[in-house]
Amino acid sequence: MKRAIALAAALAAMSPISARSDQAPQAIGHALLRVRAAQVRYFSDQAVVQARGGVDVQLPDGAEVRGDLATVDLRLRRVAVAGHVTLHTPAGDFAGAGFADFFAFRRAYFLPLVPSADRWTFLNGDWSAPEKGREMPGDAFALPDFHETQPYIEGTTAAIDFTTFARFAPASIRVFDAVPTPALPVYVYNFSANQNFGVNSLSGASFDAPYAFARSADSLDALHLRYDQTLPVKEFWSFEHHSLFGDAGYAVFSLNPASQAAKQWNLLGYDQVSSRSGFAVNAQLFTVQSGLSEPTSSTGFADAQFTQALEQSAVRLDATQSYDTFLATGAPDHPFVLGLQWTGYDQPLFRSGFTYRLQSGFAHIHDAFGIAGQTLPDAWSHYLGAYLATPAYQGPAGIGLDATAQMQRTWLSFPNTVSTTTLTASASRQVTPHIYVVATQLTQTASATTASLTFASPNTATGLSPAPPSPNGLPVYGIATVVPDAVSRNYILSGSWQPSPAFQFSAAALKTDYSPIQVPGVAGPPRYQMSGDMRFRITRTLFADVSRGYFFNWGGRLWTPQFGIQVSAQ
Amino acid sequence: MLAPIQTSSATPIPQASQTPPPDVAATPAATLPRYSGQLLDIERGYVVFSTGDALRLASDVSIVDDDTGVAPTYAIEPGLYAIAIVAPDTGLVTSLRFAHSPRPNATPIADVPRALVSAASSPQPNPDLAPPKTRYTSKLSASVQVTITVLVPPDTPFGADVYIATDTSGWNAQAIKMQRVDGRHFRVVSQLTGGTDFHYLFTRGSWATVERERSGLQRQARELAIEGGDALEVAATIYRWADLP
C-alpha cells in the first residue's frame with residue numbers, strides 16, 4: 001500500500017501540469033519601459049501614464065508594441081495597449097486588438113486577430129509558446145477613463161522605471177493642478193518607495209517647487225524654485241542632488257540658495273555599515289559670494305557619527321570640526337569636539353506602567369583660541385541624563401492624564417556644573433469625535449555653577465546641545481542656551497479640530513512665568529501668547545498651512561510680523 | 001514560429017458612415033440583444049471589448065452616438081464605451097452605439113453568450129485566477145476608515161507637530177498632519193480604498209526630524225496595506241527622533 005502511494009505521488013510529480021507563473025509579485029528591476037506617442041500624459045491621481053496616437057511601447061526585454069492607445073499603471077505595474085496592436089518579439093510579429101503585460105507577475109495577455117480572434121497568454125517572458133485559449137482576468141485590458149480629468153504632466157515620450165521614476169520629454173507641468181507651464185526639455189517624476197530620496201538638505205522656504213531634470217535608478221538631480229517670506233529677496237533658486245547606495249545609504253548635496261550671495265553648501269551622508277551599525281556625516285559651508293566668485297565670508301562645520309547598537313542600548317562616536325573662517329583674513333579658529341555617547345532604550349519601571357530612559361556622554365573639546373571666551377584650549381565634559389514617563393491614565397469625565405520628567409547634569413572640567421530639568425503634565429479630553437483639548441503645565445529649569453563658563457555644541461555627547469538645534473533642524477554652533485538658575489513655567493491650553501484630512505484647525509493659548517527676569521526687551525519670553533494654525537486642501541494634491549501668533553502687546557508687539565504660510569504636497 | 005502579421009488585412013476602423021446609418025435602436029430592432037462594455041478595438045471585422053471578448057461585425061454595421069442616435073462627431077478610439085446590438089440569426093453585430101460614459105441599459109459584455117464570442121482556441125482554465133485570500137472582507141463599504149495613532153518619545157518638544165511622510169507624496173515631510181490627542185499621542189483618521197499600499201515614516205515636519213530606530217540608526221520605512229474591511233486601527237510607537245540624542 002505504501003509503495004502504491006509512493007508510486008502515485010511520484011507519477012503525480014512527473015505528470016505535466018498547466019504552466020503558470022508565480023502568484024506572488026516579483027521584483028522587476030530597473031529596466032526601462034519606453035513610451036512614445038503623439039501625446040503622453042501623466043495623471044497623478046491614479047498614477048497612470050496614458051499615451052495616444054501612434055503609440056510605440058518598448059518593453060524592458062526589448063519587445064515592442066504599437067497601437068492606438070496605451071496606459072501604464074505605475075501601481076499595478078501594468079502596461080496595456082489597445083487598438084490596431086502589433087507585437088514585435090524575438091519569436092515573431094503578431095497583430096491583434098489588445099496587449100497587457102503585468103510585469104510584477106510576468107504575465108502578458110494578447111488578443112490576436114490574425115488569422116482569427118483568440119486569446120494568448122505569454123508566461124515568464126517566453127514569447128515563443130503562448131498559452132492559447134487560457135482564461136484571462138476580466139480586467140486585464142481595462143482602460144482608465146480620463147475623459148473629464150486634467151493631466152499633471154504632458155509630453156510625447158516617457159521612460160519609466162516601475163520602482164522609482166518616470167521621465168517625460170518634453171514636459172509641460174500643470175502648476176497648482178491648473179496652469180500648464182511651457183514645455184520643459186525634460187521632467188522627472190519621482191515615486192520611489194526608498195525614503196532616502198526624501199532626505200532634504202534644503203532649509204527654510206514656505207513654498208518649494210522642485211524641478212527634477214535628471215534621474216537614474218539611484219540618483220536624482222533637481223532645481224528648486226523657492227519662496228521665503230522672511231528674506232529680503234523672497235524668490236530664489238536652489239540645487240539638490242541625491243545619490244543612493246543600496247537600500248540604506250545615501251549622499252545628498254545641495255546649494256541653497258544658488259541665486260543669492262549668502263549661500264549654504266550642504267552635504268548629508270549615511271551608510272549602514274551593518275544591520276546594527278551606521279555611519280553619518282553632516283557638513284555645511286556658509287559663504288557670501290556673488291555667483292561663484294571669491295567669497296567675502298566663508299565658515300562651516302562637519303560632523304561625523306558612528307552608531308553601534310548594543311543589546312538594550314546604543315553607543316555613538318561623534319566628531320565635530322568647526323571652521324570660523326576658511327579665508328586668509330580672520331583668526332583661523334577651528335574648534336574640535338570628540339565625544340562618546342551612550343543611550344539606553346526605554347525600559348519599564350517594574351510593573352508600574354512607567355518607563356524610563358538613561359543617557360550619558362563623555363567629550364573632549366579643543367579650541368586653540370580658548371573655549372567659551374577663556375584661555376583654556378582644552379576641556380572635558382561628561383553628563384548623565386534620565387527620562388521618566390507615565391502611561392496615559394483615564395480619569396473622571398473622560399479626561400486622560402499623563403506626565404514626563406527629564407533630568408540632566410553636565411560636569412565640565414573648567415570646572416563647572418550645568419543642570420537642566422523638564423517636567424510636563426497634561427490633561428486631555430476628546431470633546432467630540434473630531435475635537436481634542438489638551439491642558440499642559442510645563443516647567444523647565446536650568447542652572448550653572450558659573451554662568452560664563454558654558455558653551456553649546458551640536459555634538460550631543462557634550463550634553464550641551466541646544467534643542468531644538470536650529471529653526472532648520474541642522475545644528476548651529478555657538479548658541480548660548482544656559483541662563484544661570486532660570487525657571488520657566490508654562491501653562492498651555494491647546495485644541496485641535498480635524499473634521500477631515502482635508503481640513504485641520506488648531507489653536508493654543510500660552511502663559512509663561514519666567515524668572516529671574518521677564519521684561520520686554522530685556523529678557524524672557526512674552527507673558528501671554530496665542531497662536532492659530534489652519535491647514536486646508538487647495539487642490540487635489542496641495543495643502544496650505546496658514547498660522548499666526550498674538551503677543552498681547554508684549555513690548556509693543558501684538559501680532560507676529562507676518563502669517564506663516566506653507567504649501568506642501570500630499 | 002508563430003503566424004506572422006498579414007500586412008494586407010489591417011482594415012481601418014469603420015468610422016461614422018458618410019451616409020447616415022439608420023438608427024436601429026430607435027426602431028423595433030431595439031429589442032435585439034444589446035451588450036455593453038469598454039471598447040478595445042474595431043478592425044478586421046471584429047469589435048473587441050476590454051474583457052477580451054471579440055464579436056464579429058456585420059458588413060453593413062452602423063455606428064452611431066448612443067445619446068444622439070446620429071453619427072458621432074468624435075473619433076472612435078479605445079476606451080470609449082459601446083453597445084453592440086447583435087442579430088440573433090447571424091450572431092453578427094449589426095449596430096454599434098458609442099458614448100463617453102458606461103452604458104447601463106444593456107447586458108454587460110462579460111455576460112455575452114460564449115457562442116457569440118470569436119475565439120480560435122477552445123477555452124482553457126487559468127489556475128492563477130483562484131480568488132485571492134484576504135484577511136478581512138467587507139460588504140458594508142468600499143472604503144476603509146484607517147486610524148493611525150502614534151506614541152511619541154518622552155523627549156519630544158511639547159510644541160512640536162507630528163506629520164506622516166509617504167512615498168506617495170514624494171516623501172514630503174509634511175504630507176499628512178496628525179492631531180494631538182494627549183501629552184504623547186497623535187492620531188489621524190482617513191478613508192482609504194481597499195488595496196491601498198504605501199510606505200511611510202513619522203516626522204516633526206522636516207527630514208532632519210524624522211523618526212529613527214531605538215538605537216538612533218536610520219529605520220526602514222513602515223508599510224501599510226489596506227486589505228479590506230470597514231475599519232483599520234494602527235498603533236505605532238516612535239522610539240527616537242533623528243535630531244535628538
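Q: In which strand of chain A is Phe552(A) found?
A: This is a predicted model, in which local features need pLDDT of at least 70, side-chain atom pairs count only at pLDDT 80 or more, and totals for chains, interfaces and linings use all residues. Residues are numbered from 1 along each chain as its sequence is written, while chains are lettered from A and ligands numbered from 1 in the order in which they are written. Strands (E, at least two residues) and helices (H or I, at least four) are DSSP runs, numbered from the N terminus. The run that holds Phe552(A) covers residues 542-554 of chain A and is strand β33.

Q: Is Phe552(A) buried or exposed?
A: A residue is buried if 20 or more other C-beta atoms, placed from the backbone, lie within 10 Å of its own, exposed if 12 or fewer, and partly exposed in between. Phe552(A), which has a positive phi of about 55 degrees although it is not a glycine, has 12 C-beta neighbours inside 10 Å, so it counts as exposed.

Q: And is Arg44(B) buried or exposed?
A: Arg44(B) is not a glycine, yet its phi is positive, about 55 degrees. You can find Arg44(B) in the loop between β1 (34-43) and β2 (46-49) of chain B. With 22 other C-beta atoms within 10 Å, Arg44(B) is buried.

Q: Why is chain A described as more spread out than a compact globule, and what is its radius of gyration?
A: Chain A has one helix and 35 strands. The radius of gyration is taken over C-alpha atoms, and the globule rule is 2.2 Å times the number of residues to the power 0.38. For 570 residues that rule gives 25 Å, and chain A is more spread out than a compact globule because its radius of gyration is well over this, at 31 Å.

Q: What share of the residues in chain A is buried?
A: For an idea of the extent of the chain, its C-alpha trace spans about 95 × 75 × 55 Å along the principal axes. Of the 570 residues in chain A, the buried ones make up 35%.

Q: Which strand of chain A gives the most to the side that touches chain B?
A: Two residues are in contact if their C-beta atoms, placed from the backbone, lie within 7 Å. The contact takes 91 residues from chain A and 76 residues from chain B. With six residues, the strand at 92-102 gives the most to the side of chain A that touches chain B, and this is β5.

Q: Which strands stand at the edges of the open sheet in chain B?
A: Strands pair if DSSP finds at least two bridges between them. Four strands of chain B form an open sheet of mixed pairing, in the order β10-β11-β7-β15. Two edge strands, at 179-180 and 231-237, each have a single partner, so one side of each is left without a neighbour in the sheet: they are β10 and β15.

Q: Which residue in β11(B) stands opposite Gln179(B)?
A: Two bridges join β10(B) to β11 (residues 185-193) of chain B, and these strands run antiparallel. Opposite Gln179(B), in β11(B), stands Arg187(B).

Q: Where is Pro257(A) found?
A: The peptide bond from Asn256(A) to Pro257(A) is cis, with omega near -10 degrees. Pro257(A) is in the loop between two strands of chain A, β17 (249-256) and β18 (262-274).
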